[in-house]
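Let's take a walk through a protein model, from its sheet to its salt bridges and then to its pocket. Have the viewer open and follow along.

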Amino acid sequence: MKTFWLKFTTKSDSTFGRGDGLAGLVDIEVMHDKYGLPFLNGRTLKGLLEEECANILFSLNEQNYDLEFQEEFYRSSKHLFGSPGSSDSDKAILHISNATLPVDLRKSVAYELEKSRSSMRLSSEDILNSLTSIRRQTSIDEKSGAPEKGSLRSMRVVLRETSFEAKLSFTKDPSGLDLPLLAACIKAFRRAGTGRNRGRGKLVAVLCDENGINVTENYFTIFCEKVMP
């Protein structure tokens, strides 16, 4: 089974929300594991890449390329992400894991927490607090300029310059324009999380091979040569 990696680094405060908060602490909590390490759900990540893919296909359609040309990209899109109600023969060949902190860091944290269990010198809350912060915001009344009553909200954010990686597993070897299209989607993937349409969650992502070598430009060059011959 072919394996690649999607690696990204947050460039602004990001909230990979889990849909709830903690009473008296935060209204929006980030997804994190039992060690307090934040992560981005794989299903959410796949949805974000699929959205970028849809935007790319729409742009290609707007350029009035011939039907045969567009069909090549649509086939690769279905290979990568599948289609609603797809049968076994046309299910997605790409599976995306949760995007977590680098494996060496996770192992070190797990080891230290297990070692500290008896002495209670270190807890998962300590780990979470070291990688995140809490931001508070409120709505302002346009007429008076005063904060609106009851509008104060708190949100935990993953700090900028935090690195994540997600395993990209293929059930079948990618072919045709599969990898060039995936590289284009990853280059277009620049924001994630709550408030990503309002300036939060900025990131930089790359596609790496099974050895962790950045191959984004290799495949993106093929994509560009195809759309701009």
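What follows is a tour in three stops: the sheet, the salt bridges and the pocket. One thing to keep in mind is that this is a predicted model.

Start with the sheet. Four strands make it up, it is open, and the order across it runs β2-β5-β1-β6 with antiparallel pairing. The edges belong to β2 and β6 (203-208), each of which pairs on one side only. Going from one strand to the next, the twist averages 25°.

Now zoom in on β5, which covers residues 163-170. Is this strand mostly covered or mostly open? Mostly covered: six of its eight residues are buried, where buried stands for under 20% relative accessible area. On one flank, β5 pairs with β1 (residues 3-10), antiparallel, over seven bridges. If you want a landmark in that ladder, find L6, which sits opposite A166 of β5. β5 also pairs with β2 (residues 94-96), again in the antiparallel sense, over three bridges. The landmark for this pairing is H95, whose bridge partner in β5 is S169.

Next, the charged side chains. How many salt bridges does the count come to? Seven, and three of them are worth a stop here.

Take E161 and K11: their salt bridge has its closest N and O atoms 3.1 Å apart. Both residues sit in loops, E161 between β4 (153-158) and β5, K11 between β1 and α1, and this pair links parts of the chain 150 residues apart. K11 is partly exposed, at a relative accessible area of 32%.

Then look at K226 and E72, whose side chains meet in a salt bridge with an N to O distance of 2.9 Å. Why does this pair tie together distant bits of sequence? Because K226 belongs to helix α6 and E72 to helix α2 (residues 67-81), the contact joins parts that are 154 residues apart in sequence. Both ends are partly exposed: K226 has 28% relative accessibility, and E72 has 26%.

The third one is E217 with K187, at 2.8 Å from N to O. Here E217 lies in helix α6 and K187 in helix α5, so this salt bridge ties together parts 30 residues apart in sequence. E217 is partly exposed at 43% relative accessibility, and K187 is also partly exposed, at 30%.

K187 leads us on to the last stop, since K187 is one of the residues lining the largest pocket. That pocket has a volume of about 210 Å³. Which helices each supply at least two residues of its lining? They are α1 (42-62), α5 (178-188) and α6 (216-227). To trace the wall in your viewer, select I56, S59, L60, Y65, A184, K187, A188, R190, F220, F223, V227 and M228.

What about the chemistry of that wall? By class, the lining comes out as nine nonpolar, one polar and two charged residues. The charged ones are K187 and R190, while S59 is the polar one. So K187 turns up twice on this tour: its side chain meets E217 in a salt bridge, and K187 also lines the largest pocket. Helix α6 comes back as well, as the home of K226 and E217 and as a contributor to the pocket lining.

Methods:
Residues are numbered from 1 along each chain as its sequence is written. This is a predicted model: local features need pLDDT of at least 70, side-chain atom pairs count only at pLDDT 80 or more; totals for chains, interfaces and linings use all residues. Side-chain values use heavy atoms; hydrogens and water are left out. On a 1 Å grid over the protein atoms alone, a cavity is a set of points where a 1.4 Å probe fits but cannot get out, and a pocket is an open set with protein on both sides within 12 Å along at least five of seven lines; lining residues have an atom within 4 Å of a point. Grid points are joined across faces, edges and corners, and a volume is the space filled by probe spheres set on the points. Buried means under 20% relative accessible area, exposed over 50%, partly exposed in between (1.4 Å probe, protein chains only). Two strands pair if DSSP finds at least two bridges between them. A salt bridge is a side-chain nitrogen of Lys or Arg within 4 Å of a carboxyl oxygen of Asp or Glu. Axes are lines fitted to C-alpha atoms, for helices over the stretch in contact, and angles run from 0 to 180 degrees between N-to-C directions.
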